[in-house]
Amino acid sequence: MKNAMNLTRRDLLGATAALVAATVLSPLPAYAEAVDFSDETIEFFMPFGVGGGSDTWARFNAPFLSRHLPGQPTVVVKNVPGGGSITGANQFTKRAKADGMSVLGTSASTQFPYLLDDKRVKYEYKDWQVVLAAPTGGVAYLDSELGVESLADLEKLKGQRLIYGSQGATSLDLVPLLAFRLLGLDVQHVFGMKSRGEGRLAFERGEANIDFQTTSAYLKSSLPMVEEGKAVPLFSMGAADDNGIIVRDPNFPDLPHIGEAVETVTGKPPEGIEWDAFKAFLIAGFPAQKLLMLPKGTSADIVEAYREAVRNMKDDPEYQAAKVDALGGYEQVTDEAADALFAEGTTIDPVARDWVRALLEKDYNARF
(Lines give C-alpha, C1' and ligand atoms only; values in the text may rest on other atoms or scores of the structure.)
Protein backbone atom coordinates (compact mmCIF):
# COMPACT_ATOMS: atom_id res chain seq x y z
CA MET A 1 0.00 0.00 0.00
CA LYS A 2 1.22 3.48 -0.74
CA ASN A 3 1.84 5.78 2.20
CA ALA A 4 0.99 8.91 0.23
CA MET A 5 -1.89 10.14 -1.88
CA ASN A 6 -1.09 12.57 -4.65
CA LEU A 7 -3.04 15.84 -4.46
CA THR A 8 -3.16 17.24 -7.94
CA ARG A 9 -4.44 20.72 -7.06
CA ARG A 10 -1.76 23.11 -8.25
CA ASP A 11 -2.58 25.73 -5.69
CA LEU A 12 -1.77 23.37 -2.81
CA LEU A 13 1.71 22.94 -4.19
CA GLY A 14 2.14 26.68 -4.21
CA ALA A 15 0.76 27.03 -0.72
CA THR A 16 3.02 24.28 0.58
CA ALA A 17 6.06 25.83 -1.07
CA ALA A 18 5.14 29.14 0.52
CA LEU A 19 4.85 27.40 3.87
CA VAL A 20 8.43 26.21 3.57
CA ALA A 21 9.46 29.78 2.75
CA ALA A 22 7.92 31.09 5.96
CA THR A 23 11.31 31.26 7.60
CA VAL A 24 12.32 34.12 5.29
CA LEU A 25 11.46 37.18 7.35
CA SER A 26 10.91 40.61 5.88
CA PRO A 27 12.26 43.66 7.73
CA LEU A 28 9.90 45.71 9.87
CA PRO A 29 8.84 48.89 8.05
CA ALA A 30 9.38 52.13 9.93
CA TYR A 31 5.68 52.99 9.91
CA ALA A 32 4.86 49.99 12.12
CA GLU A 33 6.78 51.60 14.96
CA ALA A 34 3.99 54.17 15.37
CA VAL A 35 1.39 51.55 16.39
CA ASP A 36 0.89 51.43 20.16
CA PHE A 37 -1.77 49.39 21.94
CA SER A 38 -0.71 50.34 25.48
CA ASP A 39 -3.51 50.03 28.08
CA GLU A 40 -5.89 48.71 25.42
CA THR A 41 -8.01 45.53 25.43
CA ILE A 42 -8.20 43.63 22.14
CA GLU A 43 -11.15 41.34 21.51
CA PHE A 44 -10.24 38.03 19.90
CA PHE A 45 -13.55 36.93 18.35
CA MET A 46 -13.84 33.14 18.50
CA PRO A 47 -17.03 32.00 16.69
CA PHE A 48 -17.08 28.64 18.51
CA GLY A 49 -17.87 27.39 21.98
CA VAL A 50 -15.30 26.74 24.68
CA GLY A 51 -13.30 23.52 24.56
CA GLY A 52 -12.95 22.65 20.88
CA GLY A 53 -9.82 22.73 18.74
CA SER A 54 -10.32 26.30 17.52
CA ASP A 55 -10.91 27.60 21.04
CA THR A 56 -7.80 25.76 22.25
CA TRP A 57 -5.80 27.37 19.44
CA ALA A 58 -7.12 30.85 20.24
CA ARG A 59 -6.48 30.62 23.97
CA PHE A 60 -2.94 29.39 23.39
CA ASN A 61 -2.07 32.21 20.98
CA ALA A 62 -3.84 35.08 22.78
CA PRO A 63 -1.33 35.67 25.61
CA PHE A 64 1.60 35.52 23.19
CA LEU A 65 -0.05 38.09 20.95
CA SER A 66 -0.52 40.23 24.04
CA ARG A 67 3.15 39.89 24.88
CA HIS A 68 4.44 40.79 21.43
CA LEU A 69 2.01 43.42 20.13
CA PRO A 70 3.21 47.02 20.59
CA GLY A 71 2.30 48.21 24.08
CA GLN A 72 1.45 44.69 25.30
CA PRO A 73 -2.35 45.07 25.28
CA THR A 74 -4.66 42.63 27.00
CA VAL A 75 -6.02 40.12 24.45
CA VAL A 76 -9.32 38.60 25.54
CA VAL A 77 -10.95 35.65 23.76
CA LYS A 78 -14.64 36.33 23.19
CA ASN A 79 -16.60 33.17 22.35
CA VAL A 80 -19.58 33.84 20.05
CA PRO A 81 -20.82 30.37 19.05
CA GLY A 82 -23.74 29.62 16.77
CA GLY A 83 -24.56 28.72 13.21
CA GLY A 84 -21.43 26.60 12.85
CA SER A 85 -19.38 29.82 13.36
CA ILE A 86 -21.42 31.94 10.95
CA THR A 87 -22.97 33.90 13.83
CA GLY A 88 -19.66 35.07 15.27
CA ALA A 89 -18.13 35.84 11.88
CA ASN A 90 -21.18 37.89 10.88
CA GLN A 91 -21.03 39.74 14.19
CA PHE A 92 -17.36 40.50 13.63
CA THR A 93 -18.11 41.89 10.17
CA LYS A 94 -20.85 44.11 11.57
CA ARG A 95 -19.16 45.37 14.73
CA ALA A 96 -15.38 45.21 14.38
CA LYS A 97 -13.68 48.51 13.64
CA ALA A 98 -10.52 48.81 11.55
CA ASP A 99 -8.46 50.06 14.51
CA GLY A 100 -6.68 46.87 15.52
CA MET A 101 -8.88 46.41 18.58
CA SER A 102 -10.65 43.35 17.16
CA VAL A 103 -9.36 40.19 15.49
CA LEU A 104 -11.24 37.12 14.31
CA GLY A 105 -10.12 33.52 14.44
CA THR A 106 -11.72 31.49 11.66
CA SER A 107 -11.72 27.82 10.91
CA ALA A 108 -12.97 25.50 8.20
CA SER A 109 -16.41 25.82 9.79
CA THR A 110 -16.27 29.50 8.82
CA GLN A 111 -14.78 28.87 5.40
CA PHE A 112 -17.07 26.06 4.27
CA PRO A 113 -20.36 28.02 4.31
CA TYR A 114 -18.56 30.80 2.46
CA LEU A 115 -17.25 28.36 -0.15
CA LEU A 116 -20.70 26.81 -0.48
CA ASP A 117 -22.39 30.19 -1.10
CA ASP A 118 -24.55 29.82 2.00
CA LYS A 119 -26.98 32.75 2.09
CA ARG A 120 -26.55 33.09 5.87
CA VAL A 121 -22.99 34.27 5.29
CA LYS A 122 -22.72 38.05 5.54
CA TYR A 123 -18.92 38.14 5.54
CA GLU A 124 -16.51 38.39 2.63
CA TYR A 125 -13.15 36.76 3.20
CA LYS A 126 -11.54 38.81 0.46
CA ASP A 127 -12.23 41.98 2.47
CA TRP A 128 -10.23 40.80 5.48
CA GLN A 129 -6.49 40.89 6.13
CA VAL A 130 -4.80 37.67 7.23
CA VAL A 131 -2.02 37.94 9.80
CA LEU A 132 -1.60 34.28 10.76
CA ALA A 133 -2.48 30.94 9.17
CA ALA A 134 -2.32 27.58 10.88
CA PRO A 135 -2.65 24.09 9.41
CA THR A 136 -3.89 21.28 11.56
CA GLY A 137 -4.76 17.60 11.43
CA GLY A 138 -7.22 15.36 13.16
CA VAL A 139 -8.27 11.83 14.07
CA ALA A 140 -11.51 9.86 13.78
CA TYR A 141 -12.20 7.25 16.43
CA LEU A 142 -14.85 4.74 17.55
CA ASP A 143 -16.27 3.58 20.85
CA SER A 144 -14.27 0.46 21.78
CA GLU A 145 -17.48 -1.34 22.76
CA LEU A 146 -18.27 -1.69 19.06
CA GLY A 147 -15.60 -4.40 18.91
CA VAL A 148 -13.55 -2.80 16.12
CA GLU A 149 -9.80 -2.75 16.69
CA SER A 150 -8.67 -1.33 13.34
CA LEU A 151 -9.84 -0.52 9.81
CA ALA A 152 -9.59 -4.21 8.98
CA ASP A 153 -12.49 -4.84 11.37
CA LEU A 154 -14.96 -2.39 9.84
CA GLU A 155 -16.96 -5.30 8.42
CA LYS A 156 -18.21 -5.78 11.98
CA LEU A 157 -20.15 -2.54 11.59
CA LYS A 158 -22.10 -3.71 8.54
CA GLY A 159 -25.79 -3.04 9.08
CA GLN A 160 -25.12 -0.99 12.19
CA ARG A 161 -25.87 2.73 12.38
CA LEU A 162 -23.32 4.88 14.14
CA ILE A 163 -24.05 8.18 15.91
CA TYR A 164 -21.92 11.30 15.48
CA GLY A 165 -22.42 14.60 17.32
CA SER A 166 -22.01 17.26 14.62
CA GLN A 167 -21.84 21.04 14.53
CA GLY A 168 -23.60 20.98 11.17
CA ALA A 169 -23.34 19.65 7.64
CA THR A 170 -21.55 22.78 6.41
CA SER A 171 -19.11 23.07 9.33
CA LEU A 172 -15.70 21.40 9.62
CA ASP A 173 -17.74 18.26 10.26
CA LEU A 174 -18.35 18.16 6.50
CA VAL A 175 -14.90 16.57 6.11
CA PRO A 176 -15.52 13.59 8.43
CA LEU A 177 -19.04 13.33 6.97
CA LEU A 178 -17.59 12.79 3.50
CA ALA A 179 -14.81 10.57 4.88
CA PHE A 180 -17.30 8.26 6.59
CA ARG A 181 -19.22 7.98 3.31
CA LEU A 182 -16.04 7.04 1.45
CA LEU A 183 -15.48 4.26 3.99
CA GLY A 184 -19.03 2.95 3.57
CA LEU A 185 -20.05 3.67 7.17
CA ASP A 186 -23.70 4.24 8.03
CA VAL A 187 -23.53 7.32 10.28
CA GLN A 188 -26.38 9.36 11.70
CA HIS A 189 -25.18 12.92 12.14
CA VAL A 190 -26.89 14.58 15.08
CA PHE A 191 -26.60 18.28 14.33
CA GLY A 192 -26.60 21.17 16.79
CA MET A 193 -23.32 20.74 18.69
CA LYS A 194 -21.90 24.19 19.47
CA SER A 195 -18.30 22.97 19.20
CA ARG A 196 -16.29 19.83 18.56
CA GLY A 197 -15.71 19.85 22.30
CA GLU A 198 -19.44 19.38 22.81
CA GLY A 199 -19.37 16.55 20.26
CA ARG A 200 -16.61 14.89 22.25
CA LEU A 201 -18.63 15.19 25.45
CA ALA A 202 -21.56 13.46 23.70
CA PHE A 203 -19.15 10.63 22.84
CA GLU A 204 -17.92 10.45 26.43
CA ARG A 205 -21.49 10.25 27.73
CA GLY A 206 -22.29 7.39 25.34
CA GLU A 207 -24.71 9.50 23.28
CA ALA A 208 -22.43 9.08 20.23
CA ASN A 209 -20.16 6.19 19.29
CA ILE A 210 -18.00 7.74 16.58
CA ASP A 211 -16.17 11.06 16.82
CA PHE A 212 -13.57 13.27 15.18
CA GLN A 213 -11.32 15.87 16.79
CA THR A 214 -8.67 18.17 15.39
CA THR A 215 -5.16 17.44 16.61
CA SER A 216 -4.88 19.82 19.56
CA ALA A 217 -8.21 18.75 21.06
CA TYR A 218 -7.55 15.09 20.27
CA LEU A 219 -4.18 15.08 22.04
CA LYS A 220 -5.57 16.93 25.02
CA SER A 221 -8.96 15.30 25.53
CA SER A 222 -9.47 12.25 23.28
CA LEU A 223 -6.13 10.45 23.52
CA PRO A 224 -6.70 9.73 27.23
CA MET A 225 -9.85 7.79 26.23
CA VAL A 226 -7.76 5.77 23.77
CA GLU A 227 -5.15 5.07 26.45
CA GLU A 228 -7.89 3.95 28.85
CA GLY A 229 -9.27 1.55 26.23
CA LYS A 230 -12.54 3.46 25.78
CA ALA A 231 -11.90 4.58 22.19
CA VAL A 232 -10.20 3.13 19.10
CA PRO A 233 -8.56 5.49 16.55
CA LEU A 234 -9.36 4.70 12.91
CA PHE A 235 -7.49 7.17 10.70
CA SER A 236 -6.03 10.66 10.55
CA MET A 237 -6.68 13.30 7.90
CA GLY A 238 -2.98 13.22 7.09
CA ALA A 239 -0.56 16.07 6.42
CA ALA A 240 0.87 17.71 3.30
CA ASP A 241 4.58 17.29 2.68
CA ASP A 242 6.83 19.81 0.91
CA ASN A 243 5.65 18.56 -2.50
CA GLY A 244 1.95 18.77 -1.74
CA ILE A 245 1.60 15.02 -1.20
CA ILE A 246 -0.73 13.78 1.53
CA VAL A 247 1.30 11.62 3.90
CA ARG A 248 0.85 10.31 7.39
CA ASP A 249 0.51 12.99 10.01
CA PRO A 250 3.82 13.14 11.97
CA ASN A 251 1.75 13.42 15.14
CA PHE A 252 0.14 10.05 14.36
CA PRO A 253 2.74 8.04 12.39
CA ASP A 254 1.10 4.71 13.22
CA LEU A 255 -2.31 5.75 11.91
CA PRO A 256 -3.23 5.51 8.20
CA HIS A 257 -4.26 8.77 6.60
CA ILE A 258 -7.70 8.97 5.00
CA GLY A 259 -6.44 8.00 1.53
CA GLU A 260 -4.84 4.85 2.91
CA ALA A 261 -7.98 4.14 4.94
CA VAL A 262 -10.19 4.25 1.84
CA GLU A 263 -7.79 1.99 -0.06
CA THR A 264 -7.73 -0.50 2.84
CA VAL A 265 -11.50 -0.71 2.98
CA THR A 266 -12.30 -0.66 -0.74
CA GLY A 267 -9.22 -2.48 -2.05
CA LYS A 268 -8.34 0.24 -4.55
CA PRO A 269 -6.97 3.80 -4.54
CA PRO A 270 -9.72 6.38 -4.07
CA GLU A 271 -10.92 8.17 -7.18
CA GLY A 272 -14.00 9.71 -8.77
CA ILE A 273 -16.14 12.78 -8.14
CA GLU A 274 -16.80 11.95 -4.48
CA TRP A 275 -13.09 11.68 -3.76
CA ASP A 276 -12.32 14.83 -5.75
CA ALA A 277 -14.96 16.80 -3.85
CA PHE A 278 -13.70 15.42 -0.56
CA LYS A 279 -10.13 16.49 -1.36
CA ALA A 280 -11.27 20.04 -2.07
CA PHE A 281 -12.78 20.40 1.39
CA LEU A 282 -9.95 18.47 3.00
CA ILE A 283 -7.49 21.07 1.69
CA ALA A 284 -9.64 24.00 2.78
CA GLY A 285 -10.23 22.35 6.13
CA PHE A 286 -6.75 21.26 7.15
CA PRO A 287 -3.67 22.71 5.38
CA ALA A 288 -5.37 26.13 5.63
CA GLN A 289 -7.58 25.31 8.58
CA LYS A 290 -7.27 28.28 10.94
CA LEU A 291 -6.83 31.93 10.01
CA LEU A 292 -6.38 35.04 12.15
CA MET A 293 -8.05 38.00 10.44
CA LEU A 294 -8.23 41.77 10.81
CA PRO A 295 -11.36 43.56 9.57
CA LYS A 296 -11.93 45.36 6.30
CA GLY A 297 -10.10 48.66 5.99
CA THR A 298 -7.39 47.93 8.54
CA SER A 299 -4.37 50.10 7.75
CA ALA A 300 -1.09 48.67 6.53
CA ASP A 301 0.77 49.76 9.69
CA ILE A 302 -1.63 47.85 11.96
CA VAL A 303 -1.47 44.76 9.74
CA GLU A 304 2.32 44.89 9.84
CA ALA A 305 2.32 45.35 13.63
CA TYR A 306 0.28 42.14 13.98
CA ARG A 307 2.48 40.25 11.54
CA GLU A 308 5.59 41.39 13.39
CA ALA A 309 4.00 40.20 16.63
CA VAL A 310 3.42 36.78 15.04
CA ARG A 311 7.05 36.60 13.88
CA ASN A 312 8.29 37.41 17.37
CA MET A 313 5.74 35.10 18.95
CA LYS A 314 6.97 32.19 16.85
CA ASP A 315 10.55 32.84 18.05
CA ASP A 316 9.53 33.18 21.70
CA PRO A 317 11.28 30.35 23.66
CA GLU A 318 8.19 29.81 25.80
CA TYR A 319 6.03 29.52 22.68
CA GLN A 320 8.49 27.09 21.11
CA ALA A 321 8.52 24.95 24.24
CA ALA A 322 4.72 24.74 24.50
CA LYS A 323 3.53 24.67 20.89
CA VAL A 324 3.88 20.92 20.31
CA ASP A 325 1.58 20.05 23.20
CA ALA A 326 -0.81 22.93 22.49
CA LEU A 327 -0.93 22.90 18.68
CA GLY A 328 0.27 19.45 17.76
CA GLY A 329 3.54 20.82 16.39
CA TYR A 330 2.02 22.41 13.29
CA GLU A 331 3.84 25.55 12.16
CA GLN A 332 1.99 28.87 12.46
CA VAL A 333 2.85 31.13 9.53
CA THR A 334 2.51 34.76 8.50
CA ASP A 335 3.49 37.07 5.62
CA GLU A 336 3.61 35.45 2.14
CA ALA A 337 2.99 31.95 3.49
CA ALA A 338 -0.16 33.10 5.27
CA ASP A 339 -1.32 34.90 2.13
CA ALA A 340 -0.90 31.71 0.08
CA LEU A 341 -2.76 29.53 2.57
CA PHE A 342 -5.46 32.18 2.88
CA ALA A 343 -6.00 32.12 -0.89
CA GLU A 344 -6.05 28.32 -0.96
CA GLY A 345 -8.45 27.98 1.96
CA THR A 346 -11.03 30.40 0.57
CA THR A 347 -11.17 29.17 -3.03
CA ILE A 348 -12.84 26.03 -4.38
CA ASP A 349 -13.50 24.39 -7.73
CA PRO A 350 -17.14 25.10 -8.70
CA VAL A 351 -17.60 21.47 -9.80
CA ALA A 352 -16.65 20.20 -6.35
CA ARG A 353 -18.83 22.83 -4.72
CA ASP A 354 -21.89 21.94 -6.78
CA TRP A 355 -21.50 18.19 -6.14
CA VAL A 356 -21.31 18.70 -2.39
CA ARG A 357 -24.19 21.18 -2.37
CA ALA A 358 -26.40 18.67 -4.18
CA LEU A 359 -25.44 15.90 -1.75
CA LEU A 360 -26.10 18.02 1.33
CA GLU A 361 -29.43 19.30 0.02
CA LYS A 362 -30.67 15.81 -0.85
CA ASP A 363 -29.37 13.71 2.05
CA TYR A 364 -29.06 16.21 4.90
CA ASN A 365 -31.73 18.80 4.13
CA ALA A 366 -29.11 21.53 3.96
CA ARG A 367 -30.27 24.89 2.66
CA PHE A 368 -27.98 27.44 1.14
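## A first look at the helices and rings

Helix α9 (residues 273-285) packs against helix α13 (residues 350-364) at an angle of about 105°, and their axes lie 9 Å apart. Axes here are lines fitted to C-alpha atoms, for helices over the stretch in contact, with angles running from 0 to 180 degrees between N-to-C directions. The two helices α9 and α13 are therefore roughly perpendicular, a word used for angles of 65 to 115 degrees. On the α9 side, the contact (heavy atoms within 4.5 Å) is made by I273, E274, A277, A280 and F281, and on the α13 side by V351, A352, W355 and V356. By class, eight of these residues are nonpolar, none is polar and one is charged.

This is a predicted model, in which local features need pLDDT of at least 70 and side-chain atom pairs count only at pLDDT 80 or more, while totals for chains, interfaces and linings use all residues. Residues are numbered from 1 along each chain as its sequence is written, and side-chain values use heavy atoms, leaving out hydrogens and water.

Stepping back, the protein chain has 13 helices and 13 strands; these are DSSP runs numbered from the N terminus, with helices (H or I) of at least four residues and strands (E) of at least two. Of its 368 residues, 58% count as buried, that is, under 20% relative accessible area with a 1.4 Å probe, protein chains only.

Helix α5 (residues 174-182) is a good place to see burial: eight of its nine residues are buried, so α5 is largely enclosed by the rest of the structure. Those buried residues are L174, V175, P176, L177, L178, A179, F180 and L182. Just after α5, G184 takes a positive phi of about 75°.

Now to the rings. There are 20 aromatic pairs, counted when ring centres of Phe, Tyr or Trp (its six-membered ring) lie within 6.5 Å. One of them joins F60 and F64, with centres 5.3 Å apart and planes at 50°, which counts as tilted (neither under 30 degrees nor over 60). F60 and F64 are four residues apart in helix α2 (residues 53-68), about one helical turn. Both rings belong to buried residues, as the table shows.

| Residue | Relative accessible area |
|---|---|
| F60 | 12% |
| F64 | 5% |

Elsewhere, F45, F92, Y114, Y123, Y125, W128 and F342 form one aromatic cluster. K126 lies over the face of F342, 5.7 Å from the ring centre; for a Lys this requires NZ within 6 Å of the centre and within 35 degrees of the ring normal.

How values were computed:
Angles under 35 degrees count as roughly parallel, over 145 as roughly antiparallel, 65 to 115 as roughly perpendicular and the rest as oblique. Ala, Val, Leu, Ile, Met, Phe, Trp, Tyr, Cys and Pro count as nonpolar, Asp, Glu, Lys and Arg as charged, and the others, Gly among them, as polar. Buried means under 20% relative accessible area, exposed over 50%, partly exposed in between (1.4 Å probe, protein chains only).
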